Amino acid sequence: MRRSDSIEATTTPHGTGVDVETATKGEVADEGYELFDEGAPQAVSQEQKDAVRKKIDLHLLPLMCALYGLNYVDKVALGWAVLFDFRQDLGLVGTEYSWASSMFYFGYLIAQYPANYLLQRYKTARILSLSVISWGVLMLAHLGLRNFAGLMVIRFLLGVAESAVTPGFVLYTSMFYTRREQVMRTMLWAAMQGAFSIISSLMSYGLGHITNTALKPWMYIFLVLGLLSLIVGFAWLFLMPETPNKARFLTHEEQIIAVQRVAENMMGIKGYQWKNYQMWHAVKDVKTWLVLAFVLLTQLPNGGLTSFGSLVISGFGFDAFGTLLIGLPSSVVSAGSMVVWGSFSIKYGNLRTWGMIVPLLPAIAGIAAVYGTIGTGANKYGRVVAYWLINSYAVTWPFCLTIVGQNIAGHTKRAFTNTLLFIVFAAGNIAGPFFFRNEDAPKYVLAITTILVFFCCALFCAIALRYYMAMENKRRDREFGALDTTEERLEGMRLGMHDKTDLENSDFRYVL
């Protein structure tokens, strides 16, 4: 029989896996399950699927990219403001700037559990829109700052407001795209960090030249970014659909195809229940701890480089405006790497863990070169090139998100894993700036040495993660049989649409 992309009803479980009727009895099905059942007898061509995907791309990606790009530059704007007398105007002394940088992540950390709980229980698009509107207001509130205490309050609240964004994006992307497609889409919106950083650095360069006005130069940075955030937030509120079955830009037939496409992930679409047993599934999963270790070892360096990167470059011998311009290629490396890796993932597949491994190699080489040339009188431009290479590690973050978004099934399990992941993310970014001690300026030998060690340890964790998932796939194939056709995957798809975890669904296979 010719292999087909159609989904046909069957009552025979694949291999020796769980009986679907028994496993789903009394369970509440996901959003769109009625369309999944309605479309089950229909054959869907690849051309029809591609047409729906292109329509979804057109309506979703522009606003997703705009929101995520602003999310990043709003967070790092403090690093640009400090180049234009921000510390002096607020009277910051000693480690107060480090504490202000870290306070964002205290808010981010504390808000993680409630943020992921809300994302699971309520409408994801609505929560994301309210989040960006809130932080837009807080960015404008920077204009009224006069002292360290006020800065700490604003930075803490900004962390709370932005806590739902990245886990929300992982969830939102998984609602509309297949696992293979999610990699490139995640790379695209994650690449906006680098792209918007370039644009905002140039904007900050221009705004920094505004003098003799009622506002300080650094205030214009927060003013422009705050207004842009409000515009994007209200656009999300009125234009972004909640799930594929409720996308008004799709016809009824296209909604059926959109649901079928996502059902193939065996991870469902969107449920609104919080299932406590799935939290235990997250805790006992080896993948959880390997991912958490990797995140900690890459975000400790990130916390310091985000807040002190401009000061490290200025320590090479550049003035404030030169530092902004010299730092641009680092963002080009970050954004460019994500797009290139996303393209490779579409063509070759199973590059998610390679995307966590390979980008660390130039980062390790770059930080080693910076470390090796400390106090040697090496050419400052050569050291800058080495510093640019360090930012290649940034591409590992979205790949890490794809591991959670595509290999953790069960809505509560994924939400709880995201909670743990972003708590570790925040903790790393809180601690990171404190490796950059004032007494080490401008060379920051301790920080650079520590970053080198952390990157090497992260490399080991990524290799171990790939090996573990590959071995688990082989074990499942041996015990339950390989899954080669859509018909064979149908039972796993039904389990996914009833919110079963990857540990419960024997048909689930991990993408590497």
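How many nonpolar, polar and charged residues does the lining of the second largest pocket have? I shall open with that question, and I should say at once that the structure before you is a predicted model. By class, the lining comprises ten nonpolar residues, one polar residue and five charged residues.

Let me stay with this pocket. Its volume is about 350 Å³. Sixteen residues would be a long list to read aloud, so I name those closest to the centre of the pocket, out of the 16 that line it: Leu-239, Met-240, Pro-241, Glu-242 and Arg-248. Three elements each give two or more residues to the lining, namely helix 3, helix 7, which spans 124-141, and helix 11, which spans 217-239. Helix 11 gives the most, with four residues.

I turn now to the chain as a whole. The secondary structure consists of 23 helices and zero strands. The chain has 512 residues, and 62% of them count as buried. Among contacts with a separation of 6 or more, 87% are between residues 24 or more positions apart.

Helix 3, already mentioned for the pocket, deserves a closer look. How do the axes of helix 3 and helix 12 cross, and at roughly what angle? Helix 3 covers residues 46-81 and helix 12 covers residues 252-263; their axes come within 10 Å and cross at roughly 95°. Angles of 65 to 115 degrees count as roughly perpendicular, and therefore helix 3 is described as roughly perpendicular to helix 12. On the side of helix 3, the contact is made by Gln-48, Lys-49, Val-52, Arg-53, Lys-55 and Ile-56, and on the side of helix 12 by Glu-254, Ile-257, Ala-258 and Arg-261. Sorted by class, the residues of this contact are four nonpolar, one polar and five charged.

Helix 3 also contains Val-73. Is Val-73 buried or exposed? Val-73 is buried, because its relative accessible area is 0%, and buried means under 20%. Beyond its neighbours within four places in sequence, Val-73 is in contact with Trp-80, Phe-196, Ser-197, Ser-200 and Leu-225. The C-alpha atoms of Val-73 and Ile-199 are separated by 9.5 Å, although these two residues are 126 residues apart along the chain.

A second buried position is Gln-112, in helix 6, residues 112-121. Its relative accessibility is 0%, so Gln-112 counts as buried. Which residues does Gln-112 contact, leaving aside its neighbours within four places in sequence? They are Ser-163, Pro-167, Asn-418, Thr-419, Phe-422 and Ile-423. In addition, the C-alpha atoms of Gln-112 and Ala-164 are separated by 7.3 Å, with these positions 52 residues apart along the chain.

I finish with backbone geometry. Met-266 is not a glycine, yet its phi is positive, at about 60°. Met-266 is placed in the loop between helix 12 and helix 13, the latter being 277-283. With a relative accessible area of 4%, Met-266 is buried. Asp-499, another residue other than glycine, has a positive phi near 65°. Asp-499 lies in the segment after helix 23, which runs 486-496. Asp-499 is likewise buried, with a relative accessible area of 4%.

Definitions and conventions: Residues are numbered from 1 along each chain as its sequence is written. This is a predicted model: local features need pLDDT of at least 70, side-chain atom pairs count only at pLDDT 80 or more; totals for chains, interfaces and linings use all residues. Side-chain values use heavy atoms; hydrogens and water are left out. Axes are lines fitted to C-alpha atoms, for helices over the stretch in contact, and angles run from 0 to 180 degrees between N-to-C directions. Angles under 35 degrees count as roughly parallel, over 145 as roughly antiparallel, 65 to 115 as roughly perpendicular and the rest as oblique. Contact means heavy atoms within 4.5 Å. Ala, Val, Leu, Ile, Met, Phe, Trp, Tyr, Cys and Pro count as nonpolar, Asp, Glu, Lys and Arg as charged, and the others, Gly among them, as polar. On a 1 Å grid over the protein atoms alone, a cavity is a set of points where a 1.4 Å probe fits but cannot get out, and a pocket is an open set with protein on both sides within 12 Å along at least five of seven lines; lining residues have an atom within 4 Å of a point. Grid points are joined across faces, edges and corners, and a volume is the space filled by probe spheres set on the points. Buried means under 20% relative accessible area, exposed over 50%, partly exposed in between (1.4 Å probe, protein chains only).
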